[in-house]
Amino acid sequence: MSATFDVQNPATGRCVQSVPNAGLAEARAAAKSAIEAFPAWRDRSAYERSAILRRWFNLMIQDEDRLARLMTEEMGKPITESRGEVKYAAAFVEWYAEEAKRVYGETVPSQFTHKRLLVRPQAVGPVYAVTPWNFPAAMVTRKAAPALAAGCTVVLKPAEQSPLTAIRLEELWREAGGPADVFQVITTVEPALVSSVFFDEPAIRKLTFTGSTEVGVLLAAQAAKTVKRVSLELGGHAPFLVFDDADLDLAVREVVASKFRNTGQTCVCANRIYVQSGIHDAFAARLAEVVRGLRMGDPLDAATNVGPLVDQQGHDKVSAHVRDALARGATALVGGTSREGLYFEPTVLTGVAPGMRILEEETFGPVAPIVRFERDAEAVAAANGTPFGLAAYLWTRDLSRAFRVSEALDFGIVGVNDGVPSTPQAPFGGVKASGLGREGGKWGIEEYLDLKYVSIALA
Ligand code: NAD
């Protein structure tokens, strides 16, 4: 096994940097040191942990230029968005620096006058975290910050496509005064081999994973062998419902923000756009006009809206979805073809219908497929007709409809006239095949806390 591997820039195909390729020995060493470091970290005061997190946050903000550039170079995110992601990622660290001090317990009245019943949250233990390539900073901090705040130690394995940002975050952690064994990043092109060490180790008490449903299911089964706590943030297949009474310009603006962010490679990207027949034609025409104006190009150029797809596999999936839709009768109002390298044109499809792959699977690319509908119930049934349940969006100016539809949608997150609901204070996560547990807000830290019940009988 080679000692290092190359991280490639998807915009140029060139190597950005070589990073260590960990194997079993390195994984065992990381697990051992995380386990040994746990008691001392847990036993520090919440104020000390908070202060280190706060310094980490400040360093991330100061390092925005470098972090953003690394991110763009390793996975092709347009630089303006990379800058936004650094701030978003840092905001989780800031939030949990504050939240560390608010891990309260409870007291419960007993039916016996001589008893005192206490419920005390405590850190679950050393954590193994696995993250995807599409948010190289935010997926790291959304896990690491609450875990570290709670008193857990963390070994984080980033995706092999985008480990450079995670490595930089680890350097900043140390610069902030964070102990090296408390937060470690381990990079490898053998994720199954490296992960097996953590799954076999009973003292690793928690798996937190973000990535595809397929891999999440596999990892959860392995974590079950040693009964670890498990959080899973998995795939999405977000529906975007536009009703006749929607504000057309706002709906178009927000669908573009949701659909084309990160070149369509986010788990909450609008993946299926259902538009009621009264507004359908006007919506499709307006969307096509806006998408025609999106600039595809070098992700390091601040004027670029749409960059390359992350790798050949990602590119080929997008291309296959579009070919399949066109062959089955859809029309491309804009785009529809693949361009040089890993680029795919921003695309708007109309006449999309059930049975097309694009309506069944996550596309993960800059393609907006529009489906016409007549009745509200029809749109809700179509939106719910998927194994996934991460994010859903609806556009209406009717308050009753907004409540009824959002209550009927089987999703963990619903945006009402809001295409970008994710924020550090709110619980992010899915239902059904989109996952277990929540990240963000006061709920995010609970994933890293066990409850200890202490019953005290007075003499
Ligand atoms: P992926 O499942 O291929 O990989 C995710 C991580 O799992 C990577 O670190 C990878 O190295 C690791 N991995 C892969 N196979 C493994 C194995 N056999 N054993 C151990 N580890 C293994 O996903 P991806 O392509 O990196 O990311 C895209 C997916 O992530 C999409 O489905 C997207 O919807 C999902 N995602 C979900 C969220 C969310 O919060 N729900 C956020 C971002 C991305």
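## The ligand site of a two-domain protein

In this predicted model, the shell around the ligand takes at least three residues from each of two domains: domain 1 (4-234 + 434-457) and domain 2 (238-423). The space that the ligand takes is the largest pocket. Several secondary-structure elements contribute to the surroundings: helix H5 (138-150), helix H7 (191-200), strand E8 (206-210) and helix H8 (213-223) are the elements that give two or more residues to the shell around the ligand.

The composition of this shell can be described next. Its residues divide into 17 nonpolar, 8 polar and 5 charged. Altogether, 30 residues surround the ligand, and those that come nearest are Thr131, Glu160, Ser212, Leu234 and Glu362.

Individual polar contacts add detail to this picture. Leu234, already named among the residues that come nearest to the ligand, places a backbone N or O atom 2.8 Å from a nitrogen atom of the ligand. Two side chains approach ligand oxygen: an N or O atom in the side chain of Trp133 is 2.9 Å from an oxygen atom of the ligand, and a polar side-chain atom of Arg142 likewise lies 2.9 Å from an oxygen atom of the ligand. As for coverage, the ligand on its own has 840 Å² of accessible area, of which the protein covers 87%.

Note on methods. Residues are numbered from 1 along each chain as its sequence is written. This is a predicted model: local features need pLDDT of at least 70, side-chain atom pairs count only at pLDDT 80 or more; totals for chains, interfaces and linings use all residues. Side-chain values use heavy atoms; hydrogens and water are left out. A residue is near a molecule or strand if one of its heavy atoms lies within 4 Å of it. A polar contact is a pair of N or O atoms within 3.5 Å; within protein, one must be able to donate a hydrogen and the other to accept it, and residues adjacent in sequence count only if both atoms are side-chain atoms. Accessible areas come from the Shrake-Rupley method with a 1.4 Å probe; for residues, only the protein chains shown count as cover. On a 1 Å grid over the protein atoms alone, a cavity is a set of points where a 1.4 Å probe fits but cannot get out, and a pocket is an open set with protein on both sides within 12 Å along at least five of seven lines; lining residues have an atom within 4 Å of a point. A molecule sits in a cavity or pocket if more than half of its atoms lie within 2 Å of its grid points. Helices (H or I, at least four residues) and strands (E, at least two) are DSSP runs, numbered from the N terminus. Ala, Val, Leu, Ile, Met, Phe, Trp, Tyr, Cys and Pro count as nonpolar, Asp, Glu, Lys and Arg as charged, and the others, Gly among them, as polar. Domain bounds come from an automatic or database domain assignment.
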